[in-house]
Amino acid sequence: MDKLIITVAPTGSVPTKAQNPYLPVTPQEIADTAYRCWQIGASIVHVHARDDQGHPTLDPAVFARIYELISGRCDIIVQISTGGRAGMDPEARAAAVRRLHPEMASLTTGSMNFPDRVYENPFSTIEYLARAMKEAGTRPEMEIFEAGMIANAQLLVEQGLATEPLHFNFVLGSHGSLPATPKNLLYLSELIPSDATWTASGLGRWQLPVTALALVMGGHVRVGLEDNLYYRRGELASNEQLVERMVRLADELGRPVATPDEARAILHLTPPQHTSDD
Ligand code: ZN
């Protein structure tokens with residue numbers, strides 16, 4: 001079994017500081033959280049950007065600020081979100097990837113219902129985003145909300161827009177898509193190619209059970225306030241607490257936690273190329 005890769009998703013597009021005051025929103029807050037979570041044991045940070053009013057934005061300048069602040073302080077892997085809650089235009093969703101050439105970016109390979117609207121990802125959009133990632137040297141994390149999205153990701157390989165081994169994130173428990181059950185997680189983990197790697201995310205109260213299952217099944221885990229605002233019922237969480245809990249669980253269960261460089265090896269990432277003047 002590989003060492004455990006912990007991804008922290010600290011912000012997302014939906015949560016607000018009014019719901020949870022620990023939510024990092026400004027570039028500085030996001031970078032500070034990423035740094036502290038890296039110290040605790042996270043090796044990937046999944047990044048969304050917010051504007052000055054705290055609303056989701058796809059502005060590549062904001063992503064660039066976050067990226068610089070994080071990568072100036074630690075070697076955590078930066079995974080840029082190309083999710084569509086901040087806008088559905090494919091070019092806008094790819095802009096930060098094109099500008100920053102991050103090591104990883106998220107790629108949702110299908111459409112589904114969010115609680116409040118339809119999350120549209122037609123093939124034209126999926127292919128556009130995959131091509132942008134390929135051109136940037138960015139490795140996609142395939143965001144899987146429904147089983148058919150796995151086959152869509154494999155189509156990208158046939159089209160030459162993604163390379164194996166693929167990496168997947170199974171997102172369970174979102175209102176409008178696959179429920180968070182052990183059977184569903186097992187099913188998804190068996191559907192992917194044998195050389196692929198996978199992470200699991202559970203939304204809301206499903207974060208702890210889904211990540212605990214992934215931990216013992218040999219998958220990797222994603223925690224953070226994007227997916228879940230609570231440490232336990234009625235008690236708000238910080239991102240740091242959620243990462244700390246995963247590190248503790250992994251230790252108790254005898255699964256070592258991966259450093260960022262170990263995660264790079266497990267996920268077949270190409271480390272960022274730094275020039276002498278940056
Ligand atoms: Zn996200």
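**Notebook: helix H5, the zinc site and the cavities**

I started with what covers the buried residues of H5, and the list includes strand E6 (104–108), strand E7 (112–113), helix H4 (123–136), strand E9 (139–144), strand E10 (167–172) and helix H6 (182–191). Note to self: this is a predicted model.

Next I asked which residues of H5 are buried. Over residues 148–158 I got Met149, Ile150, Asn152, Ala153 and Leu156. Looking down the axis of H5, I found these buried residues within an arc of 160°, so they line one face of the helix. The textbook reason for such a pattern: an α-helix has 3.6 residues a turn, so residues three or four places apart point the same way. I also checked what comes just after H5, and there glycine 160 has a positive phi of about 75°.

**Zinc site**

Which protein atoms are the donors of the zinc ion? I noted NE2 of His46, NE2 of His48 and two OE entries from Glu226, at 2.0 to 2.8 Å from the metal. Then I looked up the angles: the four donor atoms subtend 51 to 129° around the zinc ion, so the arrangement goes down as irregular. For tetrahedral, all angles would have to lie between 85 and 135 degrees, and the low end here is 51°.

Along the chain, the donors follow the spacing H-x1-H-x177-E. The pair of histidine 46 and glutamate 226 links distant parts of the chain, 180 residues apart. I placed histidine 46 in strand E2 (residues 44–47), and glutamate 226 in the loop between strand E12 (220–223) and strand E13 (230–232).

Are these two buried or partly exposed? Histidine 46 has a relative accessible area of 3%, so I logged it as buried. Glutamate 226 comes out at 22% relative accessibility, which I logged as partly exposed; the cut-off for buried is under 20%.

**Cavities**

How many cavities of 30 Å³ or more does the structure hold? I got two. The largest cavity has a volume of about 60 Å³. Its lining includes the zinc donor His48, and I also wrote down Ser13, Ala49, Pro56, Thr57, Leu58, Phe63, Ser81, Gly83, Arg85 and Ala86 from the lining of the largest cavity.

**Threonine 181**

Last entry: where is threonine 181? I found it in the loop between E10 and H6, two of the elements that cover the buried residues of H5. At 30% relative accessibility, threonine 181 is partly exposed. I also checked threonine 181 against proline 209: they are 28 residues apart along the chain, and their C-alpha atoms are separated by 8.9 Å.

Definitions and conventions:
Residues numbered from 1 in each chain as written. Predicted model: local features only at pLDDT ≥ 70, side-chain atom pairs only at ≥ 80, totals over all residues. Heavy atoms only, no water. Buried < 20%, exposed > 50% of the residue type's maximum accessible area, 1.4 Å probe, protein only. Helix = DSSP H or I, 4+ residues; strand = E, 2+ residues; numbered from the N terminus. Arc of directions from axis to C-beta. Contact = heavy atoms within 4.5 Å. Donors = N, O, S within 2.8 Å, 3.2 Å for Na, K, Ca; no water. Tetrahedral: all angles 85-135°; square planar, octahedral: opposite > 155°, others 65-115°. 1 Å grid on protein atoms, 1.4 Å probe; cavity = no way out; pocket = protein on both sides within 12 Å on 5 of 7 lines; lining within 4 Å. Points joined across faces, edges and corners; volume = space filled by probe spheres on them.
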